[in-house]
Amino acid sequence: MPTYTYRCSDSHGFDEVHPMTSVPDASTCPECGGDARRRPAAPHLSAVASSAYGLIDAAARSAHEPSVVNSLPGAARRAGTGITRNPLHAKLPRH
Ligand SMILES: [Zn+2]
């Protein structure tokens with residue numbers, strides 16, 4: 001089961017293990033007994049490599065913060081003179 005990180009108002013951090021189907025948003029701090037909120041972090045799944053989290057984070061971020069694209073891929077190459085100067089190659093279909 002994944003581990004979820006909680007932090008109380010006194011900045012005590014602790015981890016709890018919950019099934020993904022029922023993760024409480026709040027818990028009780030074991031140090032001070034105060035209310036602790038679940039931190040908005042990805043759960044630590046030991047079976048998933050940390051690099052996968054980067055991809056998941058990037059995919060989630062692209063949903064509301066898409067990266068700005070200034071040019072189409074390969075646009076600079078098409079704008080140039082090209083690789084070949086053979087006139088027969090100019091008749092080849094372009095995409
Ligand atoms: Zn605490």
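Author: Four donors count as tetrahedral if all angles lie between 85 and 135 degrees. Donors here are N, O and S atoms within 2.8 Å of the metal (3.2 Å for Na, K and Ca), with water not among the atoms, so sites may look incomplete. The model is predicted: local features need pLDDT of at least 70 and side-chain atom pairs 80 or more, while totals for chains, interfaces and linings use all residues. Residues are numbered from 1 along each chain as its sequence is written, and side-chain values use heavy atoms, leaving out hydrogens and water.

Reader: What is the geometry of the zinc ion's site?

Author: Start with who holds the metal: Cys 8 (SG), His 12 (ND1), Cys 29 (SG) and Cys 32 (SG) coordinate the zinc ion at 2.0 to 2.3 Å. The angles among those four donor atoms are 105 to 113°, so by the cut-off the site is tetrahedral.

Reader: How many residues apart in sequence are the parts that His 12 and Cys 29 tie together?

Author: Strands are DSSP runs of E, at least two residues, numbered from the N terminus. His 12 sits in the loop between strand S1 (3–8) and S2, and Cys 29 in the loop between S3 and S4, so the pair links parts separated by 17 residues.

Reader: Are His 12 and Cys 29 buried or exposed?

Author: Buried means under 20% relative accessible area, exposed over 50%, partly exposed in between (1.4 Å probe, protein chains only). By that yardstick, both His 12 and Cys 29 are buried.

Reader: Which strands stand at the edges of the sheet?

Author: Two strands pair if DSSP finds at least two bridges between them. The open sheet runs S2-S1-S4-S3, with antiparallel pairing. One side of each edge strand lacks a neighbour in the sheet, because each has a single partner strand: these are S2 (13–17) and S3 (26–28).

Notes. Helix = DSSP H or I, 4+ residues; strand = E, 2+ residues; numbered from the N terminus. Tetrahedral: all angles 85-135°; square planar, octahedral: opposite > 155°, others 65-115°.
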